[in-house]
Amino acid sequence: MKYLTNEKLLIVGAGGAIGSNVAQSALMLGLTPNICLYDIFEPGVHGVAEEMCHCAFEGANITWTTDPETAFTDAKYIISSGGAPRKEGMTREDLLKGNCQIAAEFGDLIKKYCPDVKHVVVIFNPADVTALTALIHSGLKADQLTSLAALDSTRLQEAIAAYCGVPQSKVENARTYGGHGEAMAVFASKITVDGKPLADFQIPADKWEEIKHDTVQGGSKIIKLRGRSSFQSPAYQAVKMIEAAMGGAEFYWPAGCYVNCDKCGYKNVMMAMPTTIDASGVHFTAPAGTEAEMADLNASYEHLCKMRDEIISLGIIPAVEDWGTMNPNL
């Protein structure tokens with residue numbers, strides 16, 4: 001089997017459902033044979049390693065460990081789902097304190113054991129601030145770390161396709177920007193359905209509000225349907241993100257990235273933007289939309305600032321003006 005690279009991919013939280021799906025997807029897509037599974041829960045990560053070996057992926061070198069030094073040393077790519085999952089009735093923001101503390105420790109491990117890592121993808125919620133925390137603590141450059149945001153856009157794409165009666169792939173430019181949470185901004189003005197502007201379909205206002213609600217609450221719906229938070233879709237999208245960073249097909253769905261942009265008016269946050277991930281990292285452009293869409297995005301940005309300021313007040317990250325002391329690349 002031909003692999004994209006032989007460099008080490010570390011999967012953090014590998015004993016969980018997302019982590020195990022990340023491992024399998026990465027091997028099925030032929031990203032790298034050298035995969036290290038790390039988790040603090042020994043039976044879980046051991047079991048995942050056994051399952052991957054039973055798949056008998058050709059040429060695979062699957063290792064597992066509960067020791068962070070062993071796990072992080074020499075890692076060139078990392079996908080982390082190593083936070084607490086969301087349960088029914090919880091918002092992503094409800095996980096803020098505990099998971100941001102985990103993210104701080106995660107960033108510290110990167111700085112200590114693999115400062116030359118090439119790209120890191122953070123999955124666990126609230127991803128906008130866990131990723132920001134990890135970035136500040138890791139010392140990495142802004143273009144080296146991204147958070148998962150694509151699912152909001154793919155959920156919007158699915159809902160529009162269902163309403164219009166077309167295959168999901170026929171809906172293009174369905175995008176959400178800003179926060180990966182209840183305050184996300186839905187951008188519809190550039191959507192096309194089978195090559196036609198979405199406006200041509202004259203979606204009634206009440207139906208459009210329902211589509212937006214289903215997009216924003218897409219994660220909650222999965223929890224109600226399956227009794228647990230999403231794991232297959234975040235795993236697959238995260239693997240596609242790291243594949244792009246490895247030099248594979250570029251990733252065009254929105255990714256959470258560090259934004260400190262005078263031109264955009266958004267500063268010192270991680271947020272979903274129009275992005276591309278490739279072998280040189282993540283790159284973003286300024287979003288463009290209607291007046292109402294931009295107003296929603298501005299509101300989402302303000303929400304992100306409040307969450308950022310909350311973790312500053314908790315002492316998990318320093319004040320913005322002191323970030324450079326912890327991470328000179330910011």
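How much area does the chain expose, and what share of it do carbon and sulfur atoms supply? About 14,100 Å², with carbon and sulfur atoms supplying 50% of it. Bear in mind that this is a predicted model. Here are my notes, point by point.

1. **Overall dimensions.** The radius of gyration is 19 Å, which agrees with the value near 20 Å that a compact globule of 330 residues would have. The C-alpha trace spans about 55 × 45 × 40 Å along its principal axes. Buried residues account for 54% of the 330 in the chain. If you take contacts between residues at least 6 apart in sequence, 72% of them join residues at least 24 apart.

2. **Secondary structure and the eight-stranded sheet.** The chain has eleven helices and 15 strands. Eight strands make up an open sheet with mixed pairing, in the order β3-β2-β1-β4-β5-β6-β12-β13. At the edges sit β3 (61–65) and β13 (266–273), each of which pairs on one side only. From one strand to the next, the twist averages 25°.

3. **Strand β4 and its two partners.** In the sheet order, β4 comes between β1 and β5. On one side, β1 (residues 9–12) pairs with β4 in the parallel sense over four bridges, and the bridge partner of Leu9 in β4 is Tyr77. With β5 (residues 119–122), β4 (residues 77–80) again pairs in the parallel sense over four bridges. There, Ile78 has Val120 as its bridge partner. As for side chains, a regular strand alternates them between the two faces of the sheet. In β4, Tyr77 and Ile79 point one way while Ile78 and Ser80 point the other way, and all are buried.

4. **A cis peptide after β5.** Most peptide bonds are trans, so a cis one deserves a look. The bond joining Asn125 and Pro126 is cis, with omega at about -10°. Pro126 lies in the loop between β5 and α5 (127–138), so if you are building a topology from this model, check that bond by eye.5. **Helix α5.** The twelve residues of α5 reach 16 Å from first C-alpha to last, close to the 16 Å expected at 1.5 Å a residue. Is α5 mostly covered or mostly exposed? It is mostly covered, with twelve of its twelve residues buried. Polar names turn up on that buried list too, including Asp128, Thr130, Thr133, His137 and Ser138. Just after α5, Gly139 takes a positive phi of about 80°.

6. **Two positive phi values outside glycine.** Most residues other than glycine have a negative phi. Asp74 has a positive phi of about 70° although it is not a glycine. Asp74 is found in the loop between α3 (68–72) and β4, and it is exposed, with a relative accessible area of 52%. Asn268 also has a positive phi, of about 60°, and is not a glycine. Asn268 lies in strand β13, and that strand is an edge of the sheet. At 14% relative accessibility, under the 20% cut-off, Asn268 counts as buried.

7. **The β14–β15 hairpin.** What joins β14 to β15? A hairpin, through two residues. The pairing of β14 (residues 275–278) with β15 (residues 281–284) is antiparallel, over four bridges. Within it, Ile277 has Val282 in β15 as its bridge partner. From β14, Thr275 and Ile277 point one way and Thr276 and Asp278 the other way, and all are buried.

8. **Ala188 and its surroundings.** Ala188 is found in the loop between β9 (185–187) and β10 (192–193). Is Ala188 buried or exposed? It is buried, with a relative accessible area of 13%. Leaving aside neighbours within four places in sequence, Ala188 is in contact with Leu198, Trp208 and Glu293. The C-alpha atoms of Ala188 and Leu156 are separated by 9.2 Å, and these two residues are 32 apart along the chain.

Notes:
Residues numbered from 1 in each chain as written. Heavy atoms only, no water. Pairing = 2+ DSSP bridges. Axes fitted to C-alpha atoms, helices over the stretch in contact; angles between N-to-C directions. Rg over C-alpha atoms; globule rule 2.2 N^0.38 Å. Buried < 20%, exposed > 50% of the residue type's maximum accessible area, 1.4 Å probe, protein only. Contact = heavy atoms within 4.5 Å. Areas by Shrake-Rupley, 256 points an atom, 1.4 Å probe, with all protein chains shown as cover. Expected span 1.5 Å × (residues − 1).
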